[in-house]
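Me: I'm new to reading protein structures. Could you walk me through this one with some questions and answers?

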Amino acid sequence: MPLIEFRIKHNRTPEDAKARLSMAVDEVRRQYGVMIQRIEWSPGHDEVTITATGAVAEMSVDAEHIHATIDIPVLGGLLGGRLATGLKRIVQRQLSG
């Protein structure tokens with residue numbers, strides 16, 4: 001199973017980084033809505049799991065970074081790869097805004 005991992009330095013307060021991650025998840029939902037099956041947030045809103053067709057993405061915020069791990073099963077590679085690429089691009093754009 002392919003596993004994609006990345007982390008992005010956010011240069012923001014943890015609260016602002018969480019808000020930016022939330023905006024990124026909303027954008028992912030709008031852009032990839034037909035692929036998204038479930039989005040689950042932790043109680044502190046600092047971790048999120050996105051279950052989609054062909055991929056499961058787990059993201060978290062700490063004091064300096066947003067971390068992401070995207071698991072793409074072999075059979076879901078094409079769709080999951082598209083989601084993984086889009087997810088990273090969206091998170092980077094939200095953090096730079």
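Me: How many helices and strands does the protein have, and in what pattern do they follow along the sequence?
Reply: Happy to help! This is a predicted model, and the protein in it has two helices and five strands. Read along the sequence, they follow the pattern β-α-β-β-β-β-α.

Me: Which element has the lowest mean pLDDT?
Reply: For the whole protein, pLDDT averages 86, and 87% of the residues score at least 70. Among the elements, strand β2 (residues 36-41) has the highest mean, 96. Where pLDDT is low, the predicted coordinates should not be read in detail. The element with the lowest mean, at 73, is helix α2 (residues 77-96).

Me: What share of the residues count as buried?
Reply: A residue counts as buried when its relative accessible area is under 20%. The protein exposes about 5,400 Å², and carbon and sulfur atoms supply 53% of that area. Of its 97 residues, the share that count as buried is 42%.

Me: Among contacts between residues at least 6 apart in sequence, what share join residues at least 24 apart?
Reply: Let's set aside the contacts between residues that sit closer along the chain than 6 places. Among the contacts that remain, the share joining residues at least 24 apart is 58%.

Me: Which residues touch the most other members of the largest nonpolar core?
Reply: In soluble globular proteins, nonpolar side chains tend to be buried together. Here the largest nonpolar core has 26 residues, and those touching the most other members are L21, I50, M59, I70, L87 and V91.

Me: Which elements give two or more residues to this core?
Reply: The core draws on both helices and on several strands. Those giving two or more residues are β1, α1, β3 (47-52), β4, β5 and α2.

Me: Which residues is V91 in contact with, leaving aside its neighbours within four places in sequence?
Reply: V91 is one of the residues that touch the most other core members. Once its neighbours within four places are left aside, V91 is in contact with I8, A24, M59 and I66.

Me: How many salt bridges does a search of the whole structure find?
Reply: One of them joins E64 and K9, whose closest N and O atoms are 3.3 Å apart. A search of the whole structure finds a total of six.

Me: Where do R20 and D16 lie, the two residues whose side chains meet in a salt bridge?
Reply: The N to O distance in this salt bridge is 3.8 Å. R20 and D16 are four residues apart, about one turn of the helix, and both lie in helix α1 (residues 14-31).

Me: Is R20 buried or exposed?
Reply: The cut-off for buried is under 20% relative accessible area. Its partner D16 has 26%, so D16 is partly exposed. R20 has 16% relative accessibility, so R20 counts as buried.

Me: Which residue does E27 meet in a salt bridge?
Reply: The N to O distance for this pair is 2.0 Å. The pair links distant parts of the chain, 66 residues apart, with E27 in helix α1 and its partner in helix α2. E27 is buried at 13% relative accessible area, whereas the partner is partly exposed at 38%. That partner is R93.

Technical notes: Residues are numbered from 1 along each chain as its sequence is written. This is a predicted model: local features need pLDDT of at least 70, side-chain atom pairs count only at pLDDT 80 or more; totals for chains, interfaces and linings use all residues. Side-chain values use heavy atoms; hydrogens and water are left out. pLDDT is the predictor's confidence in each residue, from 0 to 100. Buried means under 20% relative accessible area, exposed over 50%, partly exposed in between (1.4 Å probe, protein chains only). Contact means heavy atoms within 4.5 Å. Accessible areas come from the Shrake-Rupley method with a 1.4 Å probe; for residues, only the protein chains shown count as cover. A salt bridge is a side-chain nitrogen of Lys or Arg within 4 Å of a carboxyl oxygen of Asp or Glu. A nonpolar core is a set of buried Ala, Val, Leu, Ile, Met, Phe, Trp, Tyr and Cys residues joined through side-chain atoms within 4.5 Å.
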